[in-house]
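Please open the structure in a viewer and keep the sequence at hand. The tour below proposes what to select at each stop and describes what is found there.

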Amino acid sequence: MAKEIIDGQTMTRALTRITYEIIERNKGIDDLVLVGIKTRGVYVAHRIESRLKQLENISIPVAELDITPYRDDVTHEEKNPADVVPQPLGVDINNKHVILTDDVLYTGRTIRAAMDALMTVGRPKKISLAVLVDRGHRELPIRADFVGKNIPTSQKEKIKVSMKEIDGEDKIEIE
């Protein structure tokens, strides 16, 4: 049974807070690139970009990143080396500050795969991480630089993020 823990308005506030933190910590938004991890991380990136545009009146590039070929939960026998082909982002990340965005940070393995994927297409000056939810239980030494909400969970629980763009409404539930 799912319990709603964040509604649409609270999600909007969390994304606005992340946006302000990005501006403050970077002393502006020069040389920033947002890279959303498919699927919901892309929507998080676009929402942050939209809010940045409202606050700073400047557009920054947003790219989508598919990490599927870089995941480590696929055994070596299942992996086809031909699948690991650099995916063009459509945005130059060389010497840029890349902010990776995702909906939920859990073990850190998705972020590791995302960094591997980024390094195949360029060499960023810096990589930061922005997530809507940090639920703990890290298996790798990875932490988010910008967090919408810390939600401690048990390993048996699941966090379900719904976003208007694909789910018809904004909310976060714990199952």
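A residue is called buried under 20% relative accessible area, exposed over 50%, and partly exposed in between. Glu64, with a relative accessible area of 43%, is therefore partly exposed. Please bear in mind throughout that this is a predicted model.

**First stop: the parallel sheet**

Select the 5 strands that form an open sheet in the order E3-E2-E4-E5-E6, with parallel pairing. Strand E3 (62–65) and strand E6 (146–150) stand at the edges; each has a single partner strand, so one side of each is left without a neighbour in the sheet. From one strand to the next, the twist averages 25 degrees.

Now follow the pairings in turn. Strand E2 (residues 32–37) is joined to E3 by 4 bridges, and Val35 stands opposite Ala63 in E3. A further 5 bridges join E2 to E4, where Leu32 stands opposite His97. Between E4 and E5 there are 8 bridges, and these two strands run parallel.

**Second stop: strand E4 and Asp102**

Select strand E4, residues 97–105, which contains Asp102. How many residues of E4 are buried? The count is 9 of its 9 residues, and the strand is mostly covered.

Centre the view on Asp102. Its bridge partner in E5 is Val131. Asp102 is buried yet has no salt bridge, and the nearest side chain of opposite charge, Arg71, is 7.6 Å away. A salt bridge requires a side-chain nitrogen of Lys or Arg within 4 Å of a carboxyl oxygen of Asp or Glu, so a separation of 7.6 Å does not qualify. Leaving aside neighbours within four places in sequence, the contacts of Asp102 include Ile37, Gly41, Val44, Thr110 and Ile111.

**Third stop: helix H3 and Thr110**

Select helix H3 (residues 109–121), which lies across E2, E3, E4 and E5 and runs at about 150 degrees to E4. Thr110 has its place in this helix. At 24% relative accessibility, Thr110 counts as partly exposed. Residues up to four places away in sequence not counted, Thr110 touches Ile37, Ile67, Arg71 and Asp102. For a distance across the model, select Thr110 and Pro61: these residues are 49 apart along the chain, and their C-alpha atoms are separated by 22 Å.

**Fourth stop: helices H1 and H2**

Select helix H1 (residues 8–26), which lies across E2, E4, strand E5 (126–134) and E6, running at about 150 degrees to E6. Add helix H2 (residues 40–56) to the selection: H1 and H2 pack at an angle of about 65 degrees, with their axes 9 Å apart. Their crossing is right-handed. To display where the helices meet, show the side chains of residues including Met11, Leu15 and Ile18 in H1, and Val44, Ile48 and Leu52 in H2.

**Fifth stop: the antiparallel sheet**

Select the open sheet of 3 strands in the order E1-E8-E7, whose pairing is antiparallel. Strand E1 (3–7) and strand E7 (159–162) are at the edges, each with a single partner strand, so one side of each is left without a neighbour in the sheet. Direction ignored, neighbouring strands of this sheet are turned by 25 degrees against each other on average.

E7 and strand E8 (residues 171–174) pair over 4 bridges in the antiparallel sense, and the bridge partner of Val161 in E8 is Ile172. Helix H1 appears again here, for H1 lies across E1, E7 and E8 and runs at about 50 degrees to E1.

**Last stop: salt bridges**

The count of salt bridges comes to 14. Among them is the pair of Asp31 and Lys96, whose closest N and O atoms are 3.7 Å apart. Asp31 lies in the loop between H1 and E2, and Lys96 in the loop between E3 and E4, so the pair ties together parts that are 65 residues apart in sequence.

Next, select Lys38 and Glu64, which form a salt bridge with the closest N and O atoms 3.9 Å apart. Lys38 lies in the loop between E2 and H2 and Glu64 in strand E3, so this pair ties together parts that are 26 residues apart in sequence. Lys38 is partly exposed, with a relative accessible area of 44%.

Are Lys171 and Glu173 buried or exposed? Both are buried, and their side chains meet in a salt bridge (3.3 Å, N to O). Finally, select Asp72, Arg109, Arg112, Asp116 and Glu139, which are joined into one network by salt bridges that share partners.

Methods. Residues numbered from 1 in each chain as written. Predicted model: local features only at pLDDT ≥ 70, side-chain atom pairs only at ≥ 80, totals over all residues. Heavy atoms only, no water. Buried < 20%, exposed > 50% of the residue type's maximum accessible area, 1.4 Å probe, protein only. Lys, Arg positive; Asp, Glu negative; His and termini not counted. Contact = heavy atoms within 4.5 Å. Pairing = 2+ DSSP bridges. Axes fitted to C-alpha atoms, helices over the stretch in contact; angles between N-to-C directions. Left-handed = near helix turned anticlockwise from the far one by under 90°.
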